[in-house]
Amino acid sequence: AMFLISFQQSFRTPHVILRIVSIIFSIIVFACIADTLALSDDSCVYRGDKNACNYGIGIGVIAFLASIAFLVVDALYETRDDAFKRYALYADFGFSSLWAFMWFVGFAYLTDRWRNTAGSYYSTHIRNNAQAAIAFCFFSIALWTALAVFAFRRVRAFNADAGGYTEQVDGAGAGDPGYSSFPANPDLSESYQKSAPLGEGETSDYQPPAY
């Protein structure tokens, strides 16, 4: 029941909505490129550069799988301890930042190859798929950058909350008066010497009362 409640609440947050959109965008990218390969006898439409097609499909598939994994993490987030939350937030921020850069590279790579391709050689359907893949690579740059920004804000808020809690605990500990303890090794010889009887040749300051 706790998991279901957390799962429902997570889908109302902006970063989860963006993650769902990222799944759709990644499917469009790798599906369009794969479709162009199928319709052109396994020949990459981006100037025949098979690496360009493999790169576009690769980043799309990885983004798709990672987005699903992070959705599961978001659903479990509120039911886990602070250690899990910290690792999840840092992983989200690191991967989102990296994949925003990977989408930028993919957009530049595919755009450069398509610009030098004789598009009229291919059918309208193939050209539309090739251009759609480039367009959604561009949209994915902004989308994953936004995910990185949201992740950074969540990391900062988490660290601020953890720091405030630590300060409260430390302050409460510093205000305790504590208990005094007996010395571990009391010097009994010193007190014994002070109370020892007087020896020969020694005088005392004690004066008897006069009657």
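Is C32 buried or exposed? C32 is buried, with a relative accessible area of 12%. The views below come from a predicted model.

**View 1. The whole chain is built from helices and has no strands.** The protein chain has 6 helices and 0 strands. Read from the N terminus, its elements run α-α-α-α-α-α. The chain holds 211 residues, and 31% of them are buried.

**View 2. Helix α3 spans residues 50–76.** Its 27 residues should span 39 Å at 1.5 Å a residue. The end C-alpha atoms of α3 are 39 Å apart, so the expected and actual spans agree. D49 caps the N-terminal end of α3. A side-chain oxygen of D49 lies 3.1 Å from the backbone nitrogen of N51.

**View 3. Helix α4 runs from residue 82 to residue 115.** This helix has 34 residues. From first C-alpha to last, α4 reaches 49 Å. That is close to the 50 Å expected at 1.5 Å a residue. Several α4 residues are buried, among them the tryptophans W99, W103 and W114. K85 and D92 are buried too. So are A88, L89, F95, S96, A100, G106 and L110. What helps in reading such a list? An α-helix has 3.6 residues a turn, so residues three or four places apart point the same way.

**View 4. T117 sits in the loop between α4 and α5.** The next helix, α5, covers residues 124–175. T117 counts as buried because its relative accessible area is 15%, under the 20% cut-off. The side chain of T117 reaches the backbone oxygen of R113 at 2.6 Å.

**View 5. A disulfide joins C44 to C53.** The two sulfur atoms are 1.9 Å apart. The count for the structure is 1 disulfide. Which hand does this disulfide have? The torsion about the S-S bond of C44 and C53 is about 90 degrees, so the disulfide is right-handed. Both of its cysteines are buried. C44 has a relative accessibility of 2%. For C53, the relative accessible area is 0%.

**View 6. C32 is in no disulfide.** The nearest cysteine sulfur to that of C32 belongs to C137, 9.8 Å away. Why does C137 form no bond with C32? Their sulfurs are 9.8 Å apart, which is too far for a bond; a disulfide needs sulfur atoms within 2.5 Å. From the side of C137, the closest cysteine sulfur is the one in C32. C137 is buried, with a relative accessible area of 0%. C32 is buried as well, at 12%.

**View 7. One cavity turns up in a search of the whole structure.** The search finds 1 cavity of 30 Å³ or more. How much space lies in the largest cavity? About 30 Å³. Rolling a probe the size of a water molecule over the atoms shows where empty space is left.

**View 8. Nonpolar and charged residues line the largest cavity.** The lining consists of R19, F70, V73, D74, Y77, A88, L89, D92 and R154. It divides into 5 nonpolar, no polar and 4 charged residues. Helices α3 and α4 each supply at least two residues of this lining. A88, L89 and D92 line the cavity, and these residues are also among the buried residues of α4.

Terms used: Residues are numbered from 1 along each chain as its sequence is written. This is a predicted model: local features need pLDDT of at least 70, side-chain atom pairs count only at pLDDT 80 or more; totals for chains, interfaces and linings use all residues. Side-chain values use heavy atoms; hydrogens and water are left out. Helices (H or I, at least four residues) and strands (E, at least two) are DSSP runs, numbered from the N terminus. The expected span of a helix is 1.5 Å times one less than its number of residues. Buried means under 20% relative accessible area, exposed over 50%, partly exposed in between (1.4 Å probe, protein chains only). On a 1 Å grid over the protein atoms alone, a cavity is a set of points where a 1.4 Å probe fits but cannot get out, and a pocket is an open set with protein on both sides within 12 Å along at least five of seven lines; lining residues have an atom within 4 Å of a point. Grid points are joined across faces, edges and corners, and a volume is the space filled by probe spheres set on the points. Ala, Val, Leu, Ile, Met, Phe, Trp, Tyr, Cys and Pro count as nonpolar, Asp, Glu, Lys and Arg as charged, and the others, Gly among them, as polar. A polar contact is a pair of N or O atoms within 3.5 Å; within protein, one must be able to donate a hydrogen and the other to accept it, and residues adjacent in sequence count only if both atoms are side-chain atoms.
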